[in-house]
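Me: Hi! Could you walk me through this structure? I'd like to go topic by topic.

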Amino acid sequence: MCGRYVAELKTFWADNFWKIYRGQDVSFEWEDRFSVAPSNHAPILREHLDEDGEVRRVIETAKWGYEAPWVTEGDKKPRPINATIEKLNTSGMWKPPLSSQRIVVPMSGYYEFVPTMVDGKEVKVPHFIHHREGALLMAAGLCSARETPEGWVHTYTIVTRPGKDAAGEVHDRMPAFLTAEGVDHWLAPEKLDQGGRAEIVDWLEAESERLTPDLVEYAVDRKLNNTRTVNPFDPTLILPAPV
């Protein structure tokens, strides 16, 4: 986890997305995707200090799959799509972005692929995990910005934690989700030292526990399985599979 998710955001746009999360770039446009896969570009929220020292919150698209600043063109090493919460403050990969490049990844749900026997054959059945009331979910993430001859490349990873409640029934890992208040704390653009990193990891472990009881899941159609043939803009991907 998490290997595929849903960025259906227009439902939340006018009424509460900007109001709750204080996004300032109201001209941002997005076509809902019901299958965001690794290497796709999708929205992230981040904060930074502008030239006047004011905190600015922006939403922009970035590539899913973290590329460290030292990655060179043509480097074939894997681009991590997930960062385990247990290693955030011990891994040389994650300590720098945990210090100063914390982001939020908005999603309306995510998928897990569960090995299941169907007609005597084991297949992977996708399950859609989402908020029981259809609320937007905000996952903790980390990002990187790398300058290239073509411009800046922004990439990101999603922080995961042990699975619990309905999410834990389909997989042993899940995203570390944030409450609306938690979004403010996670995004704050202050640079953290070693003690600050340890403190925010402990906080995230407790914070992400608060939302696990609100998640539900059900199986969806296996047409989602093949990223080469699936239509990522198809809203029927999140409908319950026929029983």
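Reply: Happy to. One term to begin with: strands here are DSSP runs of E with at least two residues, numbered from the N terminus. Met174, for example, is found in strand S11. Keep in mind that this is a predicted model.

Me: Thanks. Is Met174 buried or exposed?

Reply: Met174 is buried, with a relative accessible area of 1%.

Me: And how many residues apart along the chain are Met174 and Glu51?

Reply: They are 123 residues apart along the chain, and their C-alpha atoms are separated by 37 Å.

Me: Let's switch to charges. How many salt bridges does the structure hold?

Reply: There are 10 salt bridges in the structure. As general background, side chains of opposite charge can pair when their charged atoms come close.

Me: Strand S11 came up already. Which side chain does Arg173 meet in a salt bridge?

Reply: Arg173 pairs with Glu86, at 2.9 Å from N to O. The two come from distant parts of the chain, 87 residues apart: Arg173 is in strand S11 (residues 173–175), and Glu86 sits in the loop between strand S5 (82–84) and helix H2 (95–100).

Me: How accessible are those two partners?

Reply: Glu86 is partly exposed, with a relative accessible area of 43%. Arg173 is buried, at 16%, because the cut-off for buried is under 20%.

Me: Nice. What about Glu209, which residue does it form a salt bridge with?

Reply: With Arg161, where the closest N and O atoms are 2.8 Å apart. This pair also links distant parts of the chain: Glu209 belongs to helix H5 (residues 194–209) and Arg161 to strand S10, 48 residues apart. Glu209 is partly exposed at 29% relative accessible area, while Arg161 counts as buried at 5%.

Me: And Arg210, which partner does it have?

Reply: Arg210 forms a salt bridge with Glu207, with 3.1 Å between the closest N and O atoms. Arg210 is exposed, with a relative accessible area of 51%, whereas Glu207 is buried at 4%.

Me: Which residues are joined into one network by salt bridges that share partners?

Reply: Glu47, Arg57 and Asp184 are joined that way.

Me: Back to strand S10 for a moment. What is Thr155 in contact with, leaving aside its neighbours within four places in sequence?

Reply: Thr155 lies in strand S10 and is in contact with Ala62, Lys63, Gly65, Tyr66, Glu67, Leu142, Cys143 and Ser144. For Glu67, the backbone nitrogen lies 2.9 Å from a polar atom of the Thr155 side chain. Thr155 is buried, with a relative accessible area of 1%.

Me: Now pockets. What volume does the largest pocket have?

Reply: About 240 Å³. It is lined by 14 residues, and the closest to its centre are Arg46, Ser100, Gln101, Cys143 and Ala145.

Me: Which elements give two or more residues to that lining?

Reply: Those are strand S3 (41–49), strand S6 (102–107), strand S9 (137–148) and strand S10 (151–162).

Me: And how does the lining split by class?

Reply: The lining of the largest pocket has 7 nonpolar, 3 polar and 4 charged residues. Cys143 turns up twice in our chat, then: among the residues closest to the centre of that pocket, and among the contacts of Thr155.

Terms used
Residues numbered from 1 in each chain as written. Predicted model: local features only at pLDDT ≥ 70, side-chain atom pairs only at ≥ 80, totals over all residues. Heavy atoms only, no water. 1 Å grid on protein atoms, 1.4 Å probe; cavity = no way out; pocket = protein on both sides within 12 Å on 5 of 7 lines; lining within 4 Å. Points joined across faces, edges and corners; volume = space filled by probe spheres on them. Helix = DSSP H or I, 4+ residues; strand = E, 2+ residues; numbered from the N terminus. Nonpolar A, V, L, I, M, F, W, Y, C, P; charged D, E, K, R; others polar. Salt bridge = Lys/Arg side-chain N within 4 Å of Asp/Glu carboxyl O. Buried < 20%, exposed > 50% of the residue type's maximum accessible area, 1.4 Å probe, protein only. Polar contact = N/O pair within 3.5 Å; in protein donor to acceptor, adjacent residues only side chain to side chain. Contact = heavy atoms within 4.5 Å.
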